[in-house]
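User: Please take a close look at a single part of this model, the protein surface that faces the DNA, and then set that part in the context of the rest of the assembly.

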Protein chains: 2
Amino acid sequence: MWRAFYEMRRHLDRVIERQLAETGLSSADYDLLSPLSEAPPGGLRARDLGNLVGWDRSRLSHQIRRMEQRGLLIRRECPTDARGTVIDLTQAGRAAIEAAAPGHVDNVRRHFVDLLSPEEVDTMTAIATRVLDRATDRPAPETAERE
Amino acid sequence: MWRAFYEMRRHLDRVIERQLAETGLSSADYDLLSPLSEAPPGGLRARDLGNLVGWDRSRLSHQIRRMEQRGLLIRRECPTDARGTVIDLTQAGRAAIEAAAPGHVDNVRRHFVDLLSPEEVDTMTAIATRVLDRATDRPAPETAERE
DNA sequence: GCGCCGCCGTTGACACGTCAACAACTTCGT
DNA sequence: ACGAAGTTGTTGACGTGTCAACGGCGGCGC
């Protein structure tokens with residue numbers, strides 16, 4: 001069962017990455033553009049964006065740099081904290097996410113969600129929630145703790 | 001639900017990668033060492049190994065090169081087909097997989113399998129099998145087919 | 001006000017994965 | 001036997017993800 005799950009995970013990754021590639025985006029691009037497109041005007045602090053998507057600062061910084069070079073977003077200095085950086089969509093970035101979103105959602109449905117019965121969807125949600133909750137309950141399982 | 005699944009997938013990836021890293025291996029290493037450790041003596045054709053793990057030739061070649069540099073396996077010419085390459089474990093490679101396997105299996109159990117009821121395990125297996133079957137049934141879904 | 005500690009973001013090095021192109025070899029039709 | 005076509009593995013370029021280290025700034029205790 002773990003083997004099947006592992007392969008399904010890889011398969012879905014590939015299918016989604018390929019479909020998004022047709023719109024010129026990667027799934028990493030999509031992960032960032034999606035919350036930015038729903039953010040209040042003016043953009044988001046890099047810190048807050050990182051918390052929204054659950055990325056560490058390094059990964060976020062690299063991805064933002066690459067996307068800024070492609071013109072999908074811009075970095076500005078944060079007015080209230082000189083350490084901070086504010087990230088905002090460019091017009092091209094907004095256009096890209098709006099062009100990609102419907103096809104992406106549809107793709108996820110066709111290759112995954114629509115293949116599940118309503119009960120299976122509930123079961124999957126319960127499993128995912130439980131696995132993630134268990135992770136935050138025990139921050140450092142560490143393999144053989146003795147406390 | 002898709003969001004929860006997506007995050008669970010990322011979480012499990014990280015947990016597994018980190019645990020394997022403690023043994024000096026990556027999950028890509030493990031994916032290759034595992035079938036090799038169960039292969040008949042003499043190793044496997046690169047082609048066959050690729051089919052077993054479902055990787056394309058390029059990915060396989062890169063990973064084999066990196067692992068050969070680390071001394072985990074060796075490449076030899078294939079005696080029956082001059083195009084081919086035979087991959088075999090070194091002693092270090094066999095030692096590495098045997099040292100890593102129990103902890104890895106245990107880790108997967110603790111962070112995933114043991115959190116599921118027997119019914120949920122069945123459901124998950126059914127879902128994964130269905131999603132993968134659907135993929136091979138329709139080789140190229142292509143977004144908006146009109147056939 | 002100063003100094004220390006912690007937070008914020010960046011950078012460089014490296015591993016991983018994909019794509020396209022290639023070289024070497026086999027297979028098959030003729 | 002010969003050449004076209006398919007197979008096998010390698011390589012280079014690039015995007016992505018992680019880790020460790022760093023520089024800059026804020027906040028807090030004194």
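Analyst: On the surface near DNA strand D, the element that gives the most is α4(B), with six residues; helices here are DSSP runs of H or I with at least four residues, strands are runs of E with at least two, and both are numbered from the N terminus. The model is predicted, and local features need pLDDT of at least 70, side-chain atom pairs count only at pLDDT 80 or more, while totals for chains, interfaces and linings use all residues. Residues are numbered from 1 along each chain as its sequence is written, and chains are lettered from A and ligands numbered from 1 in the order in which they are written.

DNA strand D is surrounded by 26 residues, the closest being S26(A), S58(A), A82(A), R47(B) and S61(B), where a residue is near a strand if its C-beta atom, placed from the backbone, lies within 6 Å of it. Two or more residues of this surface come from each of α2 (27-37) and α4 of chain A and from each of α1 (2-21), α3 (46-53) and α4 of chain B. By class, the surface near DNA strand D holds 13 charged, nine polar and four nonpolar residues; Ala, Val, Leu, Ile, Met, Phe, Trp, Tyr, Cys and Pro count as nonpolar, Asp, Glu, Lys and Arg as charged, and the others, Gly among them, as polar.

Around DNA strand C there are likewise 26 residues, with R47(A), S61(A), S26(B), S58(B) and A82(B) the closest. Here α4(A) supplies the largest share, six residues, and the elements that each give at least two are α1, α3 (46-53) and α4 of chain A together with α2 (27-37) and α4 of chain B. The residues near DNA strand C comprise four nonpolar, nine polar and 13 charged.

The two protein chains are related by symmetry: a turn of 180° with a shift of 0.0 Å along the axis lays chain A on chain B with an RMSD of 0.0 Å, the copies being superposed by least squares on the C-alpha atoms of residues with pLDDT of at least 70 in both. That is the relation of a two-fold axis.

Within chain B, α4 (residues 57-69) also packs on a sheet, touching β2 and β3, and its direction makes about 115° with that of β2(B); axes are lines fitted to C-alpha atoms, for helices over the stretch in contact, and angles run from 0 to 180 degrees between N-to-C directions. The sheet is open and antiparallel, with three strands in the order β1-β3-β2, two strands being paired if DSSP finds at least two bridges between them. Since β1 (44-45) and β2 (73-77) of chain B stand at the edges with a single partner strand each, one side of each is left without a neighbour in the sheet. Five bridges join β2(B) to β3 (residues 85-89) in the antiparallel sense, and L73(B) stands opposite L89(B) of β3(B).

Where the protein chains meet, 31 residues of chain A are in contact with 30 residues of chain B, contact meaning that C-beta atoms, placed from the backbone, lie within 7 Å. On the side of chain A that touches chain B, α1 (2-21), α5 (91-111) and α6 (118-137) each supply at least two residues, and α6(A) gives the most, with 13 residues. This side has 17 nonpolar, eight polar and six charged residues. The copies meet through the same surface, because 94% of the interface residues of chain A are also interface residues in chain B.

Definitions and conventions: Two residues are in contact if their C-beta atoms, placed from the backbone, lie within 7 Å.
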